[in-house]
Every structure is written in C-alpha cells, then in structure tokens.
Amino acid sequence: MQQVPLFPLPLVLYPGAPAPLHIFEPRYRQMVSDCIDDGRDFGIVYHDPDEHGPFLMERGRVGTLARIEEHRVLPEGRSLILVRGGSRFSIDSDREMEHLYYEADVLPIDDETWPRPDAIREARLRTLELFTAVIEALDESPEDMPAFDVDRDLSFQLAPAVHIDLRWQQSFLELRSETDRLERLDAVFQAAVEARGPDIG
C-alpha cells in the first residue's frame, strides 16, 4: 500500500512514457511543489470531467505513477513539468483531504500472466514488424526508427504511438497481460497496413 497524491486528467500515461504538463491550478501547483520537496511521485488517473462528472476516487480506478523529470517555473506561480510514467496502480481507498489536492492509498498492479520468454519475444518481434510496416507506409516516414527494446515489455513502448480514443487507451492500460496488449496493437497496426493497400511494400 502506498499513499500518493492524485492528478485526474483527460490523459492516459503509460509506464515509461513522457508527458509534458502545464500546471496552473493552485491545488496542483501545491501538489507539484510538495512532490519536488519530498522527492515523491504523484499518480495520474484518466478522468474527463465533461464525460465523467466530478472525480470521486472510486476504488479500483487504474492510473500510473508519474515522476517529475523537469520543472520550469512560469509567471504567476504556474509551471511546466515533464513527467515520465512509472508503475501502474489501482485506487484502494481515498484519504481525508489534508491538502488542497486529492490523495489516496493505492495498490501496485502487475501483470497476471507471464508467457515463456521465447514466446513473448516472438510476439514482440511480430508486433514490431507490423509497426514498422505502418511507419514505412506513411507519406512522410521518419528517416530513423526509434529504438525499441524487445527484451522488455514492448507493448507500453509502442502504445504512445497509437493516437486513438482515450477510453481505448485506458482499457489498454488496465490489461494484465503483455500478450493481450500486443494482440490489441497487432489489430490496430494490421488495420492501418490494410488501409494503406497498394502503398505498402
């Protein structure tokens, strides 16, 4: 069990992924200041107030720990920060508000299934091949492909490249198997390859 400040945002942060944030609300300015002073991470939880209404810190909500890597002070107390996603968590219970910002007790989330190393490596290579085909089919494909490490979880390395509905992204974050996540990505990449048709290859 870990106590963390929470930052509800219309954003899904994946483990290992960077995210720039503009901090302007007083309570989150205080949260960032406290996290920097104490060397703590905070949790980002996907929440769209227009769609979901008030943030209620429901038990079981899944988010990602965010570590502040860069902090730039702006006028009027605002700031720009760069965070990087850490491990996933689920909300266990909320806490009485000792600060202006939300806090909760959270539990770590790990994958429930672990395939054989040779099988998962083969799946990663297949997904990476599909992703490469999509990139090469773009009219303005980058000259250099980003470096991906197939010896560790590839699904969260590739997921930020999928610009798709946030609810899809959140359900992807919640999956407890890398095999399942890779299959989700395969479907997206395969559809993109097929949509390009004769332009590919």
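**Exercise 1.** Where is the place of Glu58?

*Solution.* Start with the ground rules: this is a predicted model, in which local features need pLDDT of at least 70 and side-chain atom pairs count only at pLDDT 80 or more, while totals for chains, interfaces and linings use all residues. Residues are numbered from 1 along each chain as its sequence is written, and side-chain values use heavy atoms, with hydrogens and water left out.

Step 1: find the elements on either side. Helices (H or I, at least four residues) and strands (E, at least two) are DSSP runs, numbered from the N terminus. Glu58 sits in the loop between helix 2 (49-52) and strand 4.

Step 2: check the surface. Buried means under 20% relative accessible area, exposed over 50%, and partly exposed in between (1.4 Å probe, protein chains only). With 33% relative accessibility, Glu58 is partly exposed.

Step 3: pick a partner far along the chain. Leu166 is 108 residues away from Glu58 in sequence, and their C-alpha atoms are 19 Å apart in space.

**Exercise 2.** Walk along the protein chain and list its elements in order.

*Solution.* Step 1: count them. You should get six helices and six strands.

Step 2: put them in order. Starting at the N terminus, the run reads β-β-α-β-α-β-β-β-α-α-α-α.

Step 3: add some overall figures. The C-alpha trace spans about 55 × 40 × 30 Å along its principal axes, and 43% of the 201 residues are buried.

**Exercise 3.** Which residues touch the most other members of the largest nonpolar core?

*Solution.* Step 1: know what you're looking for. A nonpolar core is a set of buried Ala, Val, Leu, Ile, Met, Phe, Trp, Tyr and Cys residues joined through side-chain atoms within 4.5 Å.

Step 2: name the residues. Leu6, Leu21, Phe42 and Val83 touch the most other members of this 28-residue core.

Step 3: see who contributes. At least two core residues come from each of strand 1 (2-9), strand 2 (18-23), helix 1 (26-38), strand 3 (42-46), strand 4 (62-73), strand 5 (79-94) and strand 6 (102-108).

Step 4: look for another core. There is a second, separate one of 27 residues, and Phe131, Leu154, Leu175 and Phe189 are among them.

Step 5: zoom in on Phe42. Contact means heavy atoms within 4.5 Å. Leaving out residues up to four places away in sequence, Phe42 touches several residues, including Pro5, Leu21, Met31, Cys35, Ile68 and Val83.

**Exercise 4.** Which parts of the chain does the salt bridge between Glu178 and Arg124 tie together?

*Solution.* Step 1: recall the cut-off. A salt bridge is a side-chain nitrogen of Lys or Arg within 4 Å of a carboxyl oxygen of Asp or Glu. The structure holds 17 of them.

Step 2: look at the pair. The closest N and O atoms of Glu178 and Arg124 are 2.8 Å apart. Glu178 belongs to helix 6 (residues 178-196) and Arg124 to helix 3 (residues 117-137), so the bridge ties together parts 54 residues apart in sequence.

Step 3: check the surface. Glu178 is buried at 6% relative accessibility, and Arg124 is buried too, at 10%.

Step 4: try another pair. Arg126 and Asp186 meet in a salt bridge at 3.9 Å, N to O. Arg126 is in helix 3 and Asp186 in helix 6, so this pair ties together parts 60 residues apart in sequence. Here Arg126 is partly exposed at 41%, whereas Asp186 is buried at 14%.

Step 5: go beyond pairs. Salt bridges also link Arg88, Asp111, Asp153 and Arg181 in a network.

**Exercise 5.** Is Met57, with its positive phi, buried or exposed?

*Solution.* Step 1: know the background. Most residues other than glycine have a negative phi.

Step 2: read the angle. Phi of Met57 is near 55°, a positive value in a residue other than glycine.

Step 3: place the residue. Met57 lies in the loop between helix 2 and strand 4, and it's buried, at 9% relative accessibility.

Step 4: set Glu76 beside it. Phi of Glu76 is near 65°, also positive. Glu76 is in the loop between strand 4 and strand 5, and at 69% relative accessibility Glu76 is exposed.
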